[in-house]
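Work through the exercises below with the sequence and the coordinates open. Try each task before reading its solution.

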Amino acid sequence: MKNLKLVARETKKGTVVKVADVEIGRDFVVIAGPCSVESEKQILDTARAVKAAGADMLRGGAFKPRTSPYSFQGLGIQGLKILEKAKQETGLPIVTEVVDPRDVSWVAEFADILQIGTRNMQNFSLLKEVGHSGRPVLLKRGMHSTLEEWLNCAEYILSEGNPDVILCERGIRTFETYTRNTLDLSAVPAIKELSHLPIIIDPTHSTGRISLIASMSMAAVAAGADGMIVEVHHKPQEALCDADQALTPDMFANMMTRLRALKSFLNNQPLESNGKMN
Amino acid sequence: MKPEEIRKKTNKIDRELLVLLQERMGLALRSKKFKETLSDPQQENDMLARAERLNLDLIKSTFTRRLLKTIIEETKRLQDEDRSLAAFQGEHGAYGEVAARQLVPDGAYIPCLEFIDVFRGVEDGYFDLGVVPVENSLEGAVTQVNDLLTTTDLKVIGEVKVAVSHCLLATEATDYREIRQVFSHPQALAQCRNFLMRNKLESRPYYDTAGAAKMLARENPRAAAAIASSLCAELYDLEIIKEGIEDGPSNSTRFLLLAREPHPDNGDKTSIIFAVSHEAGRLYAVLKLFADAEINLTRIASMPLRSDPGNYSFFLDFEGSDKNEKVAAVLKEMKGLTKWMKYLGSYPADKDS
């Protein structure tokens, strides 16, 4: 990985991305919310619920890259305004996806973190644009990409002058069909060896199964991940997209309790800890 | 034309009809200040006859008559309501109107071209009330208004602080990604400079924020937006693309409510203007009166006296009513210490400020 001048481990101590009071790279950060912004009530209800359960940030898509052109494409700028309202009420910073280079400066006006989705990981003009957006970038791993290809994409963003990149492992395509993708959990410690950038996981899109989300999240904590991004919907059965993989607020709260217990267990171990959890 | 387009155009026409009616009602309320008798049957008949002579093939003269009669009836009803006419400077939707709506909740809001039109209009009885800005938290005193307060004889009967929150507005048909130029008052453009730069937008100075919004709605220039209040979005049917686009911490403007007669009740705040002679310790002597009486000053501003270059007038706001004994005593004593003094009024203070 000779071409990695800026993201390589040896160039820097661990990057900490600060957004309001949240420090990604220091704490285990939980980003939760629905797949897409559907209505003001849906976002506000979900935001209140995930905040109460201990989430650090709110996610929600206003611009959706959908597999089918006939699927719900997102509310666009209207959706961003709804997210802004939820932020004003709950104080949760906003993570939202940007899919078009022409939208970057506008999405940056509303969002605290710009997300680059798995399908756009190698959209280089988009990467350059978010590279000078002035906002941290959550870079999802392409579903067919190697760690090296992924890190090269992060390198694009850093080389444009934006040091705040958060990597997100969201599952890769394998021959397994029971799960939607295969969560490559080994990417977490591997990225820690290769790069100074923080890495979080997405247990929702990687498994595509509600029943597996909590277990994979526990595993991510144990593997030393810096956080997770998970789909929660106040009424999953009514969701306009990915209805069958969003947690209910109750399930989310339950999972958060277990995660806290695990973190405190790991922190209280007399043995050497990796210092990443609190 | 597609059905969708026809529907949109129809909606737009309905809206414009209502806006014009609103303008007509405003004029009727203003005419009330001149008229001796409220209804003038002769004039009404002339008007109806003129309208009927218009050769509109789709609109029958019986319909014209019915429609105009309805409008006239509603106008009379409105004139009987006895709403206060509150004048402000700027186009409809200006921050002055935002203030007027807060100060005079059930008023009729009348736009004026210049500040002096507001002052003169109230003095001459064409308007009941005037709403003018005296100072902005970033830009300081509005000198024109302060000067008019010195030279005219109106009383201050209220105040309100309006948070200036700029919005980026565009017509519904405009794709935000295609916006290239932004029209607004130079001061608003300056307050949003970083926002404009981040989004690679070009500033286009315009005489007024609300004027820019109005122009946008009427002319719909390509690839254009305006910076104005959220009230403008409502009044001109524009989309708010982003609220609160100003760079700095939120700024606010303090507006005064003016009338011919002082506030009838005890206020809790008083405004005065005075000048002292050019002698050592004169200003201090005046301020000492307030200190000794333990009266809290909320604003002190000085302005060159236009009538007497080299000398200054001082604007003083303080807590308490002129009907309060302590305050009355200070004001009485002040007369002996000042060259000139003017009482603007005691009024309820804006509790949120």
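The exercises go from domains to a sheet, a helix, two loop residues and the chain contact.

This is a predicted model, in which local features need pLDDT of at least 70, side-chain atom pairs count only at pLDDT 80 or more, and totals for chains, interfaces and linings use all residues. Residues are numbered from 1 along each chain as its sequence is written, while chains are lettered from A and ligands numbered from 1 in the order in which they are written.

**Exercise 1. Domains**

Task: state how chain B is divided into domains.

Solution. Domain bounds come from an automatic or database domain assignment. Domain 1 of chain B covers 3-81. Domain 2 is written in two segments, 83-165 + 250-261. Domain 3 spans 167-248, and domain 4 spans 266-353. Now take the C-alpha centres of domain 3 of chain B and domain 4 of chain B: they lie 41 Å apart.

**Exercise 2. The sheet**

Task: find the strand order of the open sheet of 5 strands in chain B and name its edge strands.

Solution. Helices (H or I, at least four residues) and strands (E, at least two) are DSSP runs, numbered from the N terminus. Two strands pair if DSSP finds at least two bridges between them. The order in chain B is β8-β7-β9-β6-β10, with mixed pairing. The edges are β8 (202-205) and β10 (239-243) of chain B, each paired on one side only. Neighbouring strands of this sheet are turned by 30° against each other on average, direction ignored. Axes are lines fitted to C-alpha atoms (for helices over the stretch in contact), and angles run from 0 to 180 degrees between N-to-C directions.

Next, look at one pair. Strand β7 (residues 181-184) of chain B runs parallel to β8(B), and 4 bridges join them. Within β8(B), E202(B) is the bridge partner of Q181(B).

**Exercise 3. The helix on the sheet**

Task: place helix α9 (residues 209-219) of chain B and determine how many of its residues are buried.

Solution. α9(B) lies across β6 (167-170), β7 and β9 (224-228) of chain B. It runs at about 150° to β9(B). A residue is buried if 20 or more other C-beta atoms lie within 10 Å of its own, exposed if 12 or fewer, and partly exposed in between, with C-beta atoms placed from the backbone. By that count, 8 of the 11 residues of α9(B) are buried. Among them are T209(B), G211(B), K214(B) and L216(B). The buried residues pack against β6, β7, α7 (186-191), β9 and α10 (230-236) of chain B. Contact requires C-beta atoms, placed from the backbone, within 7 Å.

**Exercise 4. Positive phi**

Task: locate N220(B) and D237(B), and give their phi.

Solution. Most residues other than glycine have a negative phi. N220(B) is not a glycine, yet its phi is positive, about 45°. N220(B) follows α9(B) and lies in the loop between α9 and β9 of chain B. With 13 other C-beta atoms within 10 Å, N220(B) is partly exposed. D237(B), also not a glycine, has a positive phi of about 55°. D237(B) sits in the loop between α10 and β10 of chain B. It has 16 C-beta neighbours inside 10 Å, so D237(B) counts as partly exposed.

**Exercise 5. Chain contact**

Task: count the residues in contact between chain B and chain A.

Solution. 6 residues of chain B are in contact with 6 residues of chain A. On the chain B side, they divide into 2 nonpolar, 1 polar and 3 charged. Ala, Val, Leu, Ile, Met, Phe, Trp, Tyr, Cys and Pro count as nonpolar, Asp, Glu, Lys and Arg as charged, and the others, Gly among them, as polar.

How values were computed: Two residues are in contact if their C-beta atoms, placed from the backbone, lie within 7 Å.
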